[in-house]
Amino acid sequence: MLNKTIVLNNGYEIPSVGFGTWKTPDGETAVMAVKKAVECGYTHIDTAAAYKNEKSVGAAIRECGVPREQLFVTSKLWNTERGYEKTKAAFYKTLEDLGLDYLDLYLIHWPANAVQFDNWAEINAETWRAFEELYEEGKIKSIGLSNFMVCHLEELMKTAKIKPMVNQIEYHPGYMQDGVVDYCKKNGICVEAWSPIGSGRLLENPLLLEIAAKYGRSVAQICIRWCLQNDILPLPKSVTPSRIEENLKVFDFEISDCDMKRINAMELCGWSGHRPESVTF
């Protein structure tokens, strides 16, 4: 079934399942994976400067046979490039590496935090000011954040002229981050899930295996469908053609309320260990 869409708070549509490229090696592997994803029906491709594969992702976009305007392309600003001037330069470097004229979505990859900077809030505000200008110039169709927790969001909203459209966070069974999810939903900010399968750490989870068997699905499909039913936009990643295809086949079944509650109640598992409030990279 074709990928469905969600309408962001600026009226722009985003496909409800994205194709992630984190840890996808630059070169032939990345080109193959993205082209296969588009062939299978993904129209939403997520990359980042820090992934060091933007050139290959861009090549795949040009070679895939689907018109650019029918694809939704996301990239992200890396931590070393925060601040007004550096953000502008980094954005144009990303456009150049991707070989594109515009982005559908650009995200601040991680917030500056109080562990690293006394003036963390000012750094985030100046970075966001550059994002707002690029958005107003039409270089980016929608702008957002990644890994911003409530403390970072509340501070940013004090100076933001444009509300973020997206916040991409770690989200999967066993790690739901209810506080920031609730804040985003109340403020009309779409939540995207990176690592929706726990970077593979959930594939042998007994409860998920049991539920997957019940529905005749893979654990990955259960995790992706679970995200969708919790109104979260998942970004599954794979370089295996069969799994790339399988991960998009999540629109033809529904997890029951009872099983959703069982998954929602899972204890902490599959977590990356990264806390945005205290990371030092």
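Which residues does K249 touch, not counting residues up to four places away in sequence? The legends below describe close-up views of a predicted model, beginning with this residue.

**View 1. Surroundings of K249 in the loop between α9 and α10.** Leaving out residues up to four places away in sequence, K249 touches R217 and Q221. With a relative accessibility of 43%, K249 counts as partly exposed, because this value falls between the limits of 20% for buried and 50% for exposed. The C-alpha atom of K249 is separated by 9.5 Å from that of C40, although the two residues are 209 residues apart along the chain.

**View 2. Helix α8 and the elements that cover it.** Ten of the eleven residues of α8 are buried, so this helix is largely enclosed by the rest of the structure. The buried residues are V219, A220, Q221, I222, C223, I224, R225, W226, C227 and L228; Q221 is also one of the residues that K249 touches. The cover over the buried residues of α8 includes the strands β9 and β10 and the helices α7 (206-215), α9 (241-246) and α10 (257-264). Just after α8, D231 takes a positive phi of about 60 degrees.

**View 3. The largest nonpolar core, with L103 and Y171.** This core has 78 residues, of which L103 and Y171 touch the most other members. Helix α8 (residues 219-229) supplies the largest share of the core, eight residues. Neighbours within four places in sequence aside, the contacts of L103 are R68, V73, S75, F91, T94, L95, L98, K139, I140 and K141. In soluble globular proteins, nonpolar side chains tend to be buried together.

**View 4. The open sheet and its edge strands.** Eight strands, in the order β3-β4-β5-β6-β7-β8-β9-β10, form an open sheet with parallel pairing. At the edges lie β3 (19-20) and β10 (233-234), each of which pairs on one side only. Strand β3 is joined to β4 (residues 44-46) by two bridges in the parallel sense, and the bridge partner of G20 in β4 is D46. Helix α6 (residues 178-186) packs on the sheet, where it touches β8 (166-170) and β9 (190-194). The direction of α6 makes about 165 degrees with that of β8.

**View 5. Strands β7, β8 and β9 within the sheet.** Strand β7 (residues 143-146) runs parallel to β8 and is joined to it by three bridges; S146 has Q168 of β8 as its bridge partner. Five bridges join β8 to β9, again in parallel, and N167 has V191 of β9 as its bridge partner. Strand β8 is mostly covered, with five of its five residues buried. Five of the five residues of β9 are buried, so β9 is largely enclosed by the rest of the structure. In a regular strand the side chains alternate between the two faces of the sheet. Both faces of β9 are covered, with C190, E192 and W194 buried on one side and V191 and A193 buried on the other.

**View 6. The crossing of helices α4 and α5.** The axes of α4 (residues 120-136) and α5 (residues 150-157) come within 9 Å and cross at roughly 60 degrees. The crossing is right-handed. Helix α4 contributes W120, A121, N124, A125 and W128 to the contact, and α5 contributes C151, H152, E155 and L156. These residues divide into six nonpolar, two polar and one charged.

Terms used: Residues numbered from 1 in each chain as written. Predicted model: local features only at pLDDT ≥ 70, side-chain atom pairs only at ≥ 80, totals over all residues. Heavy atoms only, no water. Pairing = 2+ DSSP bridges. Helix = DSSP H or I, 4+ residues; strand = E, 2+ residues; numbered from the N terminus. Contact = heavy atoms within 4.5 Å. Axes fitted to C-alpha atoms, helices over the stretch in contact; angles between N-to-C directions. Core = buried A, V, L, I, M, F, W, Y, C linked by side-chain atoms within 4.5 Å. Buried < 20%, exposed > 50% of the residue type's maximum accessible area, 1.4 Å probe, protein only. Left-handed = near helix turned anticlockwise from the far one by under 90°. Nonpolar A, V, L, I, M, F, W, Y, C, P; charged D, E, K, R; others polar.
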